[in-house]
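Student: I should like to examine a structure through a series of short questions. Please present the sequence and the model.

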Amino acid sequence: MSNSFIIGQYVPGSSIVHRLDPRTKITIIFFFVIIIFFANNLLSYGVLAFFALLSMFTTKIKISYILKGLKPVWFIVIFTFILHLLVTKDGEVLFSIFSFEVYSGALYKGLEISLRFTLLILMTSLLTLTTTPISITDGVESMLNPLRKIHFPVHELALMMSISLRFIPTLMQETEKISKAQASRGVDFRTGKMKERIKAVVPLLVPLFVSAFKRAEELAMAMEARGYNGGEGRTKFRELKLQRVDAFIFIFSALILVVFFFTRV
Amino acid sequence: MSSFIEFKHIHFKYQQGEDWALKDVSFHIEDNEWVAIIGHNGSGKSTIAKLMNGLLFPQEGEIRVQDLVVNEETIWDVRKKVGMVFQNPDNQFVGTTVVDDVAFGLENHGIPREEMITRIDNSLRAVNMEDYYNHEPHRLSGGQKQRVAIASVLAVAPELVIFDEATAMLDPKGRATIMETVQQVRETKNVSIVTITHDLNEVTFADRVIVMNEGKVWFEGTPREVFKQHEELQKIGLDTPFVTQVSRVLESKGINLVKEPINHKELMDELWTLYSIK
Ligand SMILES: Nc1ncnc2c1ncn2[C@@H]1O[C@H](COP(=O)(O)OP(=O)(O)OP(=O)(O)O)[C@@H](O)[C@H]1O
Ligand SMILES: [Mg+2]
């Protein structure tokens, strides 16, 4: 469990999408998220769906695996779809069930929202499926770098993110250990009323917090002992370099963008 | 004058109104020397370690590292020269992977990337962890994490490495590999070593031992000289190694060994040559 958490949903691979610079992927997804709100007819949605599906196939990750990752959001998609059917009252009445009238506008709106949602989730999950959390962090750090001029703590933010990533599995292991220790003392986390279960979590959280603070203190001391003195005058080991693939993908995405704006009405 | 590090009449307390954690502590460590510091819990060992690389500053007295007086202005230079390995393997692992962790110290000191790569290679090889480049800490054993911690310190090329109970949280096998690594480091690199420990068997590797008691230097000498103080050591709450206990029992039975043995081999040699020497 802890193992799957640190790498997030990352699936190792060597596809083009895997090899792209994290900044390329983040930029493209950023624009994708904005542009999807400009789609206004079937064809323009088709262009975006084509782009998303093409990206998905390029990752060479098993489709069934990707879909499994989307499982938790299916529910939300279907829920919003049904909500639209019930609430929106545009266009003509298509049919009615149990005195509920379903309008054509509601059907279109519902389908549109669901499609948008699905495409958004698909694209963002492709990022986490093909990029390790630490390279996403590197990418974000590098992209935020200009903000240093206005004294935005970019380096600190990135360090915080990477330390969190590093300690998540450690804290998960610890949680497991403490919960076993408490279970052996008769604390029951799994059965009983909600109120009792919440109460049972207290003896889990208190030791966890105490130990996390101790860790933080020791880590801070170890970092200082190793010469950490803020971001000033620091060099970086992890290096991001844009490759030819990145340029190629950028141009390709720009082309798709142009096509997209032609298909709009 | 040629000492690598020197403590001159150091007094230190953590908070005002508390007792001194260190009282008039003076000692020095030479280039290339291995010094062990032992003492009961709370005798001030970790405090000494933290004073050595400027994590704490003394209220009275002066600490000198080569030609630098340790103070707010010199700590960054001091920390390049004095590296420290702590007790808890998890809480000193900063990077998300082994390479990142070794790189952390180098990044702090502004080492150019090209040089980082060779230094990381060399220091991981020095602790036999070169096969674990991209491992995350949760996929490593405690002993392996400590070896990475040693590599991280070595990468910065310090002249003194302090081990503050670096083996205390490891199993016997982990302890043995760390002690081997320390010996290997000492043989191959030009460094002084300070080991702080409760395990008196680890003391036998050192050139010199400083015994702390209630914030004072209680005794200073070679491991052999220290173990001769068998009864006094027990009085200040330290257990002597098995070998020392055997020779004390022999002594009480009227069998005097020629020289104080500090390990099993020496004891055996003493025993089997006991009659032939007479
Ligand atoms: N952060 C702190 N704040 C206040 N007092 C402290 C702090 N750390 C240590 N002390 C006190 O300073 C004294 C020396 O502590 P130190 O940690 O140096 O002992 P030690 O010899 O390393 O012990 P141990 O073998 O348990 O590690 C002790 O009396 C301890 O209670
Ligand atoms: Mg200590």
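Student: Is A:Phe50 buried, exposed or partly exposed?
Tutor: In this predicted model, A:Phe50 belongs to helix H4 (residues 42-58) of chain A; helices (H or I, at least four residues) and strands (E, at least two) are DSSP runs, numbered from the N terminus. Buried means under 20% relative accessible area, exposed over 50%, and partly exposed in between (1.4 Å probe, protein chains only). Because its relative accessibility is 45%, A:Phe50 counts as partly exposed.

Student: Which conventions govern the numbering and the values?
Tutor: Residues are numbered from 1 along each chain as its sequence is written, while chains are lettered from A and ligands numbered from 1 in the order in which they are written. As the model is predicted, local features need pLDDT of at least 70, side-chain atom pairs count only at pLDDT 80 or more, and totals for chains, interfaces and linings use all residues; side-chain values use heavy atoms, with hydrogens and water left out.

Student: What distance separates the C-alpha atoms of A:Phe50 and A:Ile256?
Tutor: Along the chain, A:Phe50 and A:Ile256 are 206 residues apart. In space, their C-alpha atoms are separated by 9.5 Å.

Student: What separates the centres of domain 1 and domain 2 of chain A?
Tutor: Chain A is assigned domain 1 (1-131 + 238-265) and domain 2 (153-234), with bounds from an automatic or database domain assignment. Taken over C-alpha atoms, the separation of the two centres is 34 Å.

Student: Which residue takes a positive phi in the hairpin of E1(A) and E2(A)?
Tutor: Strand E1 (residues 93-97) and strand E2 (residues 100-103) of chain A pair in the antiparallel sense over four bridges; two strands pair if DSSP finds at least two bridges between them. Within this pairing, A:Val93 stands opposite A:Tyr103. Two residues lie between the strands, and the one with a positive phi, near 45°, is A:Phe98.

Student: Why is one side of strand E2 and of strand E5 of chain B left without a neighbour in the sheet?
Tutor: The open sheet has four strands with antiparallel pairing, in the order E2-E1-E4-E5 (chain B). Strands E2 (22-29) and E5 (68-69) stand at its edges, so the reason is that each has a single partner strand.

Student: Which residue stands opposite B:Glu6 in E4(B)?
Tutor: Strand E1 (residues 5-12) of chain B pairs with strand E4 (residues 60-65) of chain B in the antiparallel sense over five bridges. One bridge partnership there joins B:Ile5 to B:Val65. Opposite B:Glu6 stands B:Arg64.

Student: With which side chain does that of B:Asn213 make a polar contact?
Tutor: B:Asn213 lies in strand E9 (residues 208-213) of chain B and is buried, at 16% relative accessible area. A polar contact is a pair of N or O atoms within 3.5 Å; within protein, one must be able to donate a hydrogen and the other to accept it, and residues adjacent in sequence count only if both atoms are side-chain atoms. At 3.1 Å, the partner is the side chain of B:His40.

Student: How much of the accessible area of ligand 1 does the protein cover?
Tutor: Polar side-chain atoms lie 2.4 Å from a ligand 1 oxygen atom for B:Thr47, 2.7 Å for B:Ser46 and 2.9 Å for B:His198. On its own, ligand 1 has 630 Å² of accessible area (Shrake-Rupley method, 1.4 Å probe; for residues, only the protein chains shown count as cover). The part covered by the protein is 61%.
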